[in-house]
Amino acid sequence: MNRKVNYILLSAVISFYTILFLSCKNDKNNLIPDETTFSSILADSTYTIRLTQLNSPRVYEFGLRFSPNVSGSITKLGCKLPKKGSYRMCLWNVNEQKQLAETTVNQTNSDLAWQAISKASVEAGKSYYVTVISDNWFDAYPKTGGNVKYPLLKGNIQIQAFGYVQNFIGSPSKMPTLEDNTTSISGIVDFGFQIN
């Protein structure tokens, strides 16, 4: 009798773990949260965020140059700007000088707004840009003062620079050509990263 009970219990335990393993394997993306690098850096409270520009006469495409320490995928793009609205965001491969993804993020309040994209593969050690085109932005300043100390390391990502280029709303997207690694990071842009 004890052998039969032990066999039934052992079978039940094996079945449970088999189901759990298969569901984890098939639902990997839902169980592993995206790394959101810049949001995590800002959440550390080492930066002060200030409104810098609400209605600039110039429009810029600006954002962050970053490099993953491990290969993976970018799954979403996000921004937080002073004005509500729809903002075009892009993901760029710096090494190949080409756009990997473009989407519109609808920001309905003052929170960081996200838009999922088709997974875009990124390789360890290569450089990428995430950008938004806008005439309004915040600036993030180190609370300790002085220059931003690049690279900013968080999880599997290192942020290497803030970059920008003048553009026009409605014009084709442009990858930043100028970098300003001084006292602040203009605009709040972010991305979701997952290890493959």
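Trainee: What makes strand β4 and β14 a pair, and over how many bridges do they pair?

Mentor: Two strands pair if DSSP finds at least two bridges between them, and strand β4 (residues 72-80) pairs with β14 over 8 bridges in the antiparallel sense, so the condition is met. One of the partnerships is that of Lys76 with Gly192 in β14. Please keep in mind that this is a predicted model, in which local features need pLDDT of at least 70 and side-chain atom pairs count only at pLDDT 80 or more, while totals for chains, interfaces and linings use all residues. Residues are numbered from 1 along each chain as its sequence is written, and side-chain values use heavy atoms, with hydrogens and water left out.

Trainee: How do you know that β1 also pairs with β14, and which residue is the bridge partner of Glu35?

Mentor: Strand β1 (residues 35-36) is joined to β14 by 2 bridges, and the two run antiparallel, while Glu35 has Phe193 of β14 as its bridge partner. A strand is a DSSP run of E with at least two residues and a helix a run of H or I with at least four, both numbered from the N terminus; the chain comes to 3 helices and 14 strands.

Trainee: Why is strand β14 called largely enclosed?

Mentor: Buried means under 20% relative accessible area, with exposed over 50% and partly exposed in between (1.4 Å probe, protein chains only). In strand β14 (residues 188-195), 7 of the 8 residues are buried, so the rest of the structure largely encloses this strand. Over the chain of 196 residues, 42% count as buried.

Trainee: What makes β2 and β13 edge strands in the open sheet?

Mentor: The sheet has 3 strands in the order β2-β9-β13, with antiparallel pairing. Both β2 (47-53) and β13 (185-186) have a single partner strand, so one side of each lacks a neighbour in the sheet. Strand β9 (residues 137-142) is joined to β13 by 2 bridges, and Asp139 has Ser186 in β13 as its bridge partner.

Trainee: How do you know that the lining of the largest pocket holds residues of several classes?

Mentor: Ala, Val, Leu, Ile, Met, Phe, Trp, Tyr, Cys and Pro count as nonpolar, Asp, Glu, Lys and Arg as charged, and the others, Gly among them, as polar. The lining of the largest pocket divides into 5 nonpolar, 4 polar and 3 charged residues, and it includes Ile41, Asp44 and Thr144. A pocket is an open set of points on a 1 Å grid over the protein atoms alone, where a 1.4 Å probe fits, with protein on both sides within 12 Å along at least five of seven lines, and lining residues have an atom within 4 Å of a point.
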